[in-house]
Amino acid sequence: MFRNWGFLVGEIWVLLLLATLVGLLAGWIIWGRRAPVTVTVDDGAADRLRHSLAACEAQGRDQASRIAALTADLEAARQATIRAEASAMAAPAAMADPGPAEAKRPEALSAPRNGAADDLKLIKGVGPKLEALLHRLGFYHFDQIANWTAAEIAWVDENLEGFRGRVTRDQWVIQARDLAAGLPPRPGGEG
């Protein structure tokens, strides 16, 4: 077909070289004559940002130390409340009878007042089985438990089949006073 392939290939190379030179010249004319661009960095702005960052970190440390102090105060107040409840529980018992308490059955009811018993499961340590046992013994209401004396607590502790010592250990009288007064139950109540 074509006999002069060598001529065609040579012509293509010349045209490619000429196109490259034209492109380089056009690029130099367009971009080569521009003034060099200088980039300036505002060190004052960077310093201001560093100072702001340091101030925020210092404020964060101050707030963290304040939170730690408030947490420690809260824990101290909780411990003081627990000690006060324990001493309040021990004080009436100690004043009523300085010696060992003799067990005395608390006043019991044959049925709940107004036909509705309080939900004794709201007392921490009282579950469905223990609530049923308390009902069999005649205890249906928070105010009944809240008014137990040391001798009555001793009797109930001795007569809770399978749950001896639970009244004292879980501080039922204090919890019942709170519930009778309308306060929310302590965590752990099953109601």
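**Figure 1. Contacts and fold of the chain in the predicted model.** Of the contacts between residues at least 6 apart in sequence, 65% join residues at least 24 apart. The chain holds 7 helices and 0 strands, and its elements follow one another from the N terminus as α-α-α-α-α-α-α. Of its 191 residues, 19% count as buried. The chain exposes about 13900 Å², and 62% of this area comes from carbon and sulfur atoms.

**Figure 2. Confidence along the chain.** Mean pLDDT is 85 for the chain, with 90% of the residues at 70 or more. Confidence is highest in helix 4 (residues 142-146), at a mean of 93, and lowest in helix 2 (residues 43-96), at a mean of 85. Over residues 94-99 pLDDT stays under 50, and the model gives this stretch 1 contact beyond four places in sequence. Where pLDDT is low, predicted coordinates should not be read in detail.

**Figure 3. The nonpolar surface patch that includes Trp 13.** Leu 8, Val 9, Ile 12, Trp 13 and Leu 16 make up the patch, and together they have about 500 Å² of accessible area. Trp 13 belongs to helix 1, which spans residues 5-31. Trp 13 counts as exposed because its relative accessibility is 59%, above the cut-off of 50%.

**Figure 4. Residues 12-31, listed by UniProt as a "transmembrane region".** The annotation comes from an unreviewed UniProt entry. In the model, residues 12-31 are 100% helix and 0% strand. The C-alpha atoms at the two ends of this segment are 28 Å apart.

**Figure 5. The mostly covered helix 5.** Helix 5 runs over residues 150-159, and 7 of its 10 residues are buried. The buried positions are Ala 151, Glu 152, Ile 153, Ala 154, Trp 155, Val 156 and Asp 157.

**Figure 6. A salt bridge within helix 2, between Glu 75 and Arg 78.** The closest N and O atoms of Glu 75 and Arg 78 are 3.8 Å apart. Both residues lie in helix 2, where a spacing of 3 residues puts them about one turn of the helix apart. Glu 75 is partly exposed, at a relative accessible area of 38%. Arg 78 is also partly exposed, with a value of 47%.

**Figure 7. The salt bridge between Asp 143 and Arg 113.** The side chains of Asp 143 and Arg 113 meet with an N to O distance of 2.8 Å. Asp 143 is in helix 4 and Arg 113 is in the loop between helix 2 and helix 3 (128-137), so the pair ties together parts that are 30 residues apart in sequence. Asp 143 counts as partly exposed at 30% relative accessibility, and Arg 113 counts as partly exposed at 38%.

**Figure 8. Further salt bridges of the chain.** The total count is 6 salt bridges. Arg 166 pairs with Asp 170, and the closest N and O atoms of these two residues are 2.9 Å apart. Asp 170 counts as buried because its relative accessibility is 13%, under the cut-off of 20%. Asp 119, Lys 121 and Glu 131 are linked in a network of salt bridges.

Terms used: Residues numbered from 1 in each chain as written. Predicted model: local features only at pLDDT ≥ 70, side-chain atom pairs only at ≥ 80, totals over all residues. Heavy atoms only, no water. Patch = residues over 30% accessible without salt bridge, like charges linked within 9 Å, V, L, I, M, F, W, Y side chains within 5 Å. Areas by Shrake-Rupley, 256 points an atom, 1.4 Å probe, with all protein chains shown as cover. Salt bridge = Lys/Arg side-chain N within 4 Å of Asp/Glu carboxyl O. Helix = DSSP H or I, 4+ residues; strand = E, 2+ residues; numbered from the N terminus. Buried < 20%, exposed > 50% of the residue type's maximum accessible area, 1.4 Å probe, protein only. UniProt positions renumbered as here; feature names shortened; annotations may be inferred. pLDDT = per-residue confidence, 0-100. Contact = heavy atoms within 4.5 Å.
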